[in-house]
Amino acid sequence: MFKVEPIEATFGAVLTDINLAGIDDASFTELYATWLEYALLIFPEQHLSNEEQVEFARRFGDLEFDLVPLSNVRADGSVRDDNGNDDVIKVLKGNMGWHCDSTYMPVQAKGSVFTAHVLPPTGGETGWADMRAGYEVLDEKMKVRISDLSAYHSLYYSQAKMGHIPKEGSSYKGYGFNNQDPPVRPLVKVHPETGRPSLLIGRHAYGIPGMDSDESEQLLQELVDKACQAPRIYHHTWSTGDAVLWDNRCLLHQACPWDMKEPRIMYHARIAGDPLSEFAAPDPH
Ligand SMILES: [Fe+2]
């Protein structure tokens with residue numbers, strides 16, 4: 001069986017002696033349980049092909065989308081200009097804020113399989129933050145205060161806040177930007193498989209019903225600032241061939257800056273959430 005080495009944080013483990021491309025059912029069952037426990041699993045030296053990555057991700061359930069490159073490199077191999085006009089660069093920079101994937105969609109993602117293909121010499125790490133521990137560390141008064149609160153989640157909101165409005169005809173205009181009826185999600189999410197409560201916050205959250213926008217912004221920022229601190233965070237310095245699997249139902253994540261003259265090519269397979277537990281409706285009012 002594979003080796004599990006916990007990282008120095010409240011979550012996360014590095015798994016070795018495992019070949020994700022050829023994992024058998026017994027090992028997968030063990031792996032799934034390990035994932036629920038640690039929320040973030042890092043698999044060095046996997047060198048998964050695109051097909052192998054999709055196949056592995058599918059073992060966790062239906063995919064929200066098969067595979068997208070998260071990259072500043074165009075299909076023709078040229079590096080995109082970081083001149084403030086490129087919509088893909090705007091999305092990559094948006095990803096540098098702490099966030100949860102697809103909370104702005106009707107069904108938030110279950111998790112992701114992420115792989116490193118081309119890396120800059122420095123920078124470009126990915127960080128994760130444990131929102132289970134982020135909830136636990138709150139004092140009782142704050143736990144009570146947020147227990148019945150919710151927030152809207154919108155990618156349009158989070159990008160616009162950075163001044164990034166998608167251009168007409170942009171390929172990034174569609175996914176997540178066209179939701180004009182943003183879902184409202186509780187600030188405290190109970191994990192559907194472990195039963196553990198966690199904070200559901202991050203850059204896509206705004207407009208807590210019952211608060212004015214300043215009060216809402218202040219509270220949401222206070223929660224992110226408190227939760228996203230050591231020992232509840234981990235930033236991974238990638239090596240080519242690494243694969244990472246994370247639970248999007250209890251972790252936030254962020255990309256870290258790098259010199260965008262340097263190419264960085266990552267591939268992301270997004271596992272769909274369960275509509276029974278990850279669906280959120282728009283505010284009925
Ligand atoms: Fe993301």
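1. Start with strands E5 and E15. They pair in the antiparallel sense, over seven bridges. E15 covers residues 265–271. One pair to find on screen is Thr 115, which stands opposite Tyr 267 in E15. Keep in mind that this is a predicted model.

2. E5 has another partner. Five bridges join E5 to strand E13, residues 243–247, and these two run antiparallel. Here Val 113 stands opposite Leu 245 in E13.

3. Is E5 largely enclosed or not? Count its buried residues. E5 spans residues 111–118, and six of its eight residues are buried, so the rest of the structure largely encloses it. A residue counts as buried if 20 or more other C-beta atoms lie within 10 Å of its own.

4. Now turn to a separate topic, the open sheet. Three strands form it, in the order E12-E6-E14, and the pairing is antiparallel. The edge strands are E12 (233–236) and E14 (251–255), each of which pairs on one side only. From one strand to the next, the twist averages 20°.

5. Look at E6, residues 126–130. Four bridges join E6 to E12, and the two run antiparallel. Five bridges join E6 to E14, again antiparallel. Gly 127 is a good place to look. It stands opposite His 235 in E12. Gly 127 also stands opposite Gln 254 in E14.

6. E14 is an edge strand, but what surrounds it? Four of the five residues of E14 are buried, so E14 is largely enclosed by the rest of the structure.

7. E14 also matters for reading helix H3. This helix covers residues 87–94, and its buried residues are Lys 90, Val 91 and Leu 92. What covers these buried residues? The cover includes strand E4 (63–71), helix H6 (155–161) and E14.

8. Next, the core. The largest nonpolar core has 53 residues. Which members touch the most others? They are Leu 40, Ala 129 and Leu 251.

9. Follow Leu 40 outward. Set aside its neighbours within four places in sequence, and Leu 40 is in contact with Phe 11, Gly 12, Trp 128, Tyr 234, Trp 246 and Leu 251. Leu 251 appears again here: it is another of the residues that touch the most other core members.

10. Contrast that with Asp 212. It sits in the loop between strand E11 (205–206) and helix H7 (213–227). Is Asp 212 buried or exposed? It has 10 C-beta neighbours inside 10 Å, so it counts as exposed. The cut-off for exposed is 12 or fewer. Asp 212 and Leu 31 are 181 residues apart in sequence, and their C-alpha atoms are 44 Å apart in space.

11. Step back to the whole protein chain. Its secondary structure comes to eight helices and 15 strands. The radius of gyration is 18 Å, close to the 19 Å that the globule rule gives for 285 residues, so the chain is as compact as a globular protein of that length. Its C-alpha atoms fill a box of roughly 50 × 45 × 30 Å along the principal axes.

12. Two last totals. Buried residues make up 38% of the 285 residues in the chain. Take the contacts with a separation of 6 or more: residues 24 or more positions apart account for 82% of them.

Technical notes: Residues are numbered from 1 along each chain as its sequence is written. This is a predicted model: local features need pLDDT of at least 70, side-chain atom pairs count only at pLDDT 80 or more; totals for chains, interfaces and linings use all residues. A nonpolar core is a set of buried Ala, Val, Leu, Ile, Met, Phe, Trp, Tyr and Cys residues joined through C-beta atoms within 7 Å. Two residues are in contact if their C-beta atoms, placed from the backbone, lie within 7 Å. The radius of gyration is taken over C-alpha atoms; the globule rule is 2.2 Å times the number of residues to the power 0.38. Two strands pair if DSSP finds at least two bridges between them. Axes are lines fitted to C-alpha atoms, for helices over the stretch in contact, and angles run from 0 to 180 degrees between N-to-C directions.
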